[in-house]
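Here is a quick tour of helix packing and charge pairs in one protein chain. Have the viewer open as you read.

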Amino acid sequence: MKITEQIKQPISAEMELFEKKFHESMSSKVALLNRITYYIVNRKGKQMRPMFVFLTAKMVSGGLVNERTYRGASVIELIHTATLVHDDVVDDSNRRRGFFSLNALWKNKIAVLVGDYLLSKGLLLSIDHGDFDLLRIISVAVREMSEGELLQIEKARRLDITEDIYYEIIRQKTATLIAACCSLGATSVNPDSEDTEKMRKFGELIGMAFQIKDDLFDYTDDAIGKPTGIDIKEQKMTLPLIYALNNCSKAEKKWVINSVKNHNKDKKRVKEVIDFVTNKGGLSYAEQKMAQYQEEALQLLSGYPSSPYKDALVLMVNYVIERKI
């Protein structure tokens with residue numbers, strides 16, 4: 001059995017019902033919109049985010065979920081899908097998970113409007129049911145994600161990212177949404193409990209580890225779906241590169257920055273940068289940091305009684321670190 005199926009097992013009934021509810025939450029009176037959302041739903045990914053919602057809800061409540069949990073999972077998936085649609089427009093990307101992106105099929109204007117539609121659908125789903133505690137969690141996540149993206153763009157222009165700024169960018173860009181999933185799950189079943197903050201922190205730690213793992217894929221050939229050196233071509237400052245730049249001579253630093261800024265389309269030069277980062281210990285440093293986040297996340301789970309949901313979350317933490325895609 002694949003590890004993702006193992007993780008899904010204790011919540012398989014919930015995930016099945018969630019898919020129906022999620023489908024309903026997307027419906028519209030506009031035929032074009034329905035055609036596009038149908039296309040989105042049928043090209044879903046691993047659905048890690050709703051899985052986090054259900055697993056945390058069931059772990060903190062001793063196996064219970066309610067309508068709020070389903071709404072929380074739907075909201076997070078609507079918001080996540082909206083950000084992916086907008087990202088593809090921003091990045092001018094024509095593919096998403098091996099399929100054509102919306103902007104490739106329906107042009108940018110429609111893709112932006114669909115993203116806006118999904119975002120408003122998500123927010124209204126919470127408002128219509130008075131889930132203001134859930135709405136707050138989501139709104140903070142959307143704000144942080146936008147800030148993180150803009151901070152990265154601002155810093156990428158000057159290539160002056162310190163390790164601390166890098167952590168801030170990935171916390172906002174990636175970790176904040178997984179943190180929202182976990183705190184949503186806990187809040188949906190145990191409002192106003194300390195579980196909300198505990199699970200938010202747990203999700204944030206996993207999100208940090210997840211992004212560092214993604215950065216590492218840029219330096220290895222074993223990643224499926226992400227070409228080696230793509231971050232360097234896009235002038236993204238990732239942890240292995242930041243570490244290497246902090247631990248080299250002035251001349252080496254100048255050469256690396258010049259390579260990333262002016263020669264990022266030159267395959268041979270990109271390969272040389274990858275080798276340089278590897279030889280300077282950038283990869284092993286990033287792996288060590290990733291393992292630290294993993295350890296802290298597992299520590300937060302240790303206070304909860306043993307259950308299939310807790311076991312699945314432990315599997316999920318380890319999967320984030322060991323995945324090949």
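What follows walks through two helix contacts, a residue they share, and some of the salt bridges.

## Model and starting point

Keep in mind that this is a predicted model. The helix to watch is α4, which spans residues 48-61. Helix α2 (residues 12-25) packs against it, and so does helix α15, made of residues 308-322.

## α2 against α4

Let's take α2 first. Its axis and that of α4 come within 10 Å and cross at roughly 130°. The two helices are therefore oblique to each other, and the crossing is right-handed. On the α2 side, the contact uses Glu14, Met15 and Phe18, while α4 brings Pro50, Met51, Phe54 and Lys58. Sort those residues by character and you get five nonpolar, no polar and two charged.

## α4 against α15

Now for the other partner. Here the axes are 9 Å apart, and α4 and α15 pack at an angle of about 145°. This time α4 passes its partner in a left-handed crossing.

From α4, the residues involved are Met48, Met51, Phe52, Leu55, Thr56, Lys58 and Met59. They meet Tyr309, Lys310, Ala312, Leu313, Met316, Tyr319 and Val320 of α15. The tally for this contact is eleven nonpolar, one polar and two charged.

## Lys58, a charge between helices

Lys58 sits in helix α4 and turns up in the contact with α2 as well as in the one with α15. Is Lys58 buried or exposed? Its relative accessibility is 6%, and since buried means under 20%, Lys58 counts as buried.

So which residue pairs up with Lys58 in a salt bridge? That's Glu14, with an N to O distance of 2.7 Å between the side chains. The pair links distant parts of the chain, with Lys58 in helix α4 and Glu14 in helix α2, 44 residues apart. Glu14 is buried too, just like Lys58.

Glu14 has company around this lysine. Leaving aside neighbours within four places in sequence, Lys58 also contacts Pro10, Ile11, Gly63, Leu64, Val65 and Tyr309. Tyr309 is one of the α15 residues in the helix contact described above.

## Arg71 and its network

The structure holds 14 salt bridges, and the one between Arg71 and Asp131 is another to pull up. Their side chains meet at 2.6 Å, N to O. Arg71 belongs to helix α5 (residues 67-90) and Asp131 to the loop between α6 (102-128) and α7 (132-158), so the pair ties together parts that are 60 residues apart in sequence. Both partners are buried.

Which residues are linked with this pair in a network of salt bridges? Arg68 and Asp133 join Arg71 and Asp131 there.

## A salt bridge within one helix

For a local example, go to helix α13, residues 267-279. Lys271 and Asp275 form a salt bridge at 3.1 Å, N to O. They are four residues apart in the helix, which means about one helical turn separates them.

How accessible are these two? Lys271 has a relative accessibility of 48% and so counts as partly exposed. Asp275, with a relative accessible area of 33%, is partly exposed as well. Set that beside the pair Lys58 and Glu14, where both residues are buried.

Technical notes
Residues numbered from 1 in each chain as written. Predicted model: local features only at pLDDT ≥ 70, side-chain atom pairs only at ≥ 80, totals over all residues. Heavy atoms only, no water. Axes fitted to C-alpha atoms, helices over the stretch in contact; angles between N-to-C directions. Parallel < 35°, antiparallel > 145°, perpendicular 65-115°, else oblique. Left-handed = near helix turned anticlockwise from the far one by under 90°. Contact = heavy atoms within 4.5 Å. Nonpolar A, V, L, I, M, F, W, Y, C, P; charged D, E, K, R; others polar. Salt bridge = Lys/Arg side-chain N within 4 Å of Asp/Glu carboxyl O. Buried < 20%, exposed > 50% of the residue type's maximum accessible area, 1.4 Å probe, protein only.
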